[in-house]
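Me: I am new to this structure. Please take a close look at a single part, the packed interior, and tell me what surrounds it.

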Amino acid sequence: MLGVQPTVADPAGLVEEPRTARDAARAVETVLEHHLETALGRARDVDPLFARDVAGRVSAFVQRGAKRLRTAFAWCGWRAAGGSGDATAVLHTEAALELLQACALVHDDLMDGSPLRRGAPAVHVCFALMHRAARMTGPPDSFATSAAVLTGDLALAWADDLLTETALGSPHGRRLFLEWQAMRGEIVAGQYRDIHAQAATSSGVDQALTIATLKSALYTVERPMALGTALAAADEYTLHALRSAGRCAGLAFQLRDDLCGAFGDPALTGKPADNDLRTRKLTYLLAVAVRLAHAAGDEEAAVVLAPGAAHRSEYTVERMRAALERTGDRTVVESKIAGLAATSLRHFATIGAGPGPRREFAALVERAPGVAPGPTGEGA
């Protein structure tokens, strides 16, 4: 990091003042390390077995292979809204976001039955393996489900602890808490809409967009940016513009994630490339393909993409991929992503942020959806 006076972050004074989103991501690692060490100490005082099996897994998961996108967007919101000087509050808020993300991923993998996360076995899979290795009694999967729920719950508790401590110590604590409160509710709503749509065998484009907005667009970009903006005491115009920019970027991110879920390389994404198709998860990608198949009279595509078996075979998954390509769906979604990215940058440009935040946000928008922002990004 840059050699500046260490004015922010953990009580040990180990974190230097960040100047960029990349610096902030590095600084958050140190904040997390300190916070997790303290939390693990409390867990050991409660019970050593719980500390080893549950708290230890939360700590290891949080510190393994994360992209820290929410950290970057929260930092960008703070800087774009005029935040400067002591960054302790924003760094601790970002660390809380990473703990909340751990909760969401552990629970999401459990509900989706995903075997991999961040290039390693998902938490519920680890618990099932532990159960078998220790020759414990009862069904391994039942034990793993219960233990994974508790692991996610603990990550959420630690996130709330850190955010509450930060809000209590900030003059902008009430605004920070209200953003956090809204975000937690949206995450649960989005997850429920996701499992409900799957159980109801839904195929609607509007439903898919609602799920993508609640489950990802708000949580991945809009709310993190608003949390940073709240700590900068921004006016309503700035907050509204950054919310709009964040929502568009967040949707672009989720639609790219949908594409990775159907066509991605697990070695690069760290998660399976066929799980969404195998379980017929209602994504925007799937919903648009179904609509295009019916509009074109492509009965084969309509049938293979329609609700059916709970889990599809590898052969069926390949037929689904072929249908996504044949209907032109992949191209439509790529175009939607590019449009959302450009709109996001236009919203951001309206607040008149300095060149540093403009460049950083453009780079983040390009990184999230995987598209180049083009002239709009350069001017933003």
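Reply: Here is a walk through the interior, starting with the chain as a whole.

This is a predicted model. Confidence in the protein chain averages a pLDDT of 88, and 89% of the residues score at least 70. The mean is highest in helix H6 (residues 140–168), at 97. It is lowest in helix H17 (residues 374–379), at 34. Two stretches call for care. Over residues 1–14 the pLDDT stays under 50, and the model has 37 contacts there beyond four places in sequence. Residues 371–380 also stay under 50, with 19 such contacts.

Now the overall build. The protein chain holds 17 helices and two strands. Of its 380 residues, 54% are buried. Its accessible surface comes to about 16,200 Å², and carbon and sulfur atoms account for 56% of that. Take the contacts between residues at least 6 apart in sequence: 71% of them join residues at least 24 apart.

Next, the interior itself. In soluble globular proteins, nonpolar side chains tend to be buried together. The largest nonpolar core here has 78 residues. Six of them touch the most other members: Leu-99, Trp-158, Trp-180, Met-183, Phe-348 and Phe-361. Helix H4 (residues 88–112) gives the most to this core, with 13 residues. Another core lies apart from it, with 33 residues. Its members include Ile-211, Ala-289, Val-290 and Met-320.

What does Trp-158 touch, leaving aside its neighbours within four places in sequence? Its contacts are His-35, Leu-36, Ala-39, Leu-40, Ala-55, Val-58, Ser-59 and Leu-99. Leu-99 is also among the six residues that touch the most other core members.

Helix H4 deserves a longer look. It has 25 residues and reaches 36 Å from its first C-alpha to its last. That is close to the 36 Å expected at 1.5 Å a residue. Of its 25 residues, 22 are buried, so H4 is largely enclosed by the rest of the structure. Gly-113 follows H4 and has a positive phi, near 70°.

Compare helix H15 (residues 329–349). H15 has 21 residues and reaches 31 Å from its first C-alpha to its last, close to the 30 Å expected at 1.5 Å a residue. Its buried residues are Asp-329, Val-333, Ile-337, Leu-340, Ala-341, Ala-342, Ser-344, Leu-345 and Phe-348. Phe-348 appears again among the six core residues that touch the most other members.

Helix H8 comes next, through two of its residues. Ala-217 has its place in H8. It is buried, because its relative accessibility is 0% and the limit for buried is under 20%. Not counting residues up to four places away in sequence, Ala-217 touches Ala-212, Glu-222, Gly-246, Arg-247, Gly-250 and Leu-251. Its C-alpha is 7.4 Å from that of Phe-253, a residue 36 places along the chain.

Gly-228 is found in H8 too. It also counts as buried, at 0% relative accessibility. Its contacts, not counting residues up to four places away in sequence, are Ala-74, Gly-77 and Trp-78. The C-alpha atoms of Gly-228 and Glu-94 are separated by 8.6 Å, yet these residues are 134 apart along the chain.

Now two loops. Most residues other than glycine have a negative phi. Arg-68 has a positive phi of about 60° although it is not a glycine. It is found in the loop between helix H2 (48–62) and helix H3 (69–80). Arg-68 is buried, with a relative accessible area of 5%. Ala-233 has a positive phi as well, of about 55°, and is not a glycine. Its loop runs between helix H8 (205–231) and helix H9 (236–263). Is Ala-233 buried or partly exposed? Ala-233 is partly exposed, with a relative accessible area of 40%.

Last, the cysteines. A disulfide is a covalent bond between the sulfur atoms of two cysteines. With a cut-off of 2.5 Å between the sulfur atoms, the count comes to zero disulfides. Cys-103 is buried, with a relative accessible area of 8%. Cys-248 counts as buried too, at 14% relative accessibility.

How values were computed. Residues numbered from 1 in each chain as written. Predicted model: local features only at pLDDT ≥ 70, side-chain atom pairs only at ≥ 80, totals over all residues. Heavy atoms only, no water. Buried < 20%, exposed > 50% of the residue type's maximum accessible area, 1.4 Å probe, protein only. pLDDT = per-residue confidence, 0-100. Helix = DSSP H or I, 4+ residues; strand = E, 2+ residues; numbered from the N terminus. Contact = heavy atoms within 4.5 Å. Areas by Shrake-Rupley, 256 points an atom, 1.4 Å probe, with all protein chains shown as cover. Core = buried A, V, L, I, M, F, W, Y, C linked by side-chain atoms within 4.5 Å. Expected span 1.5 Å × (residues − 1).
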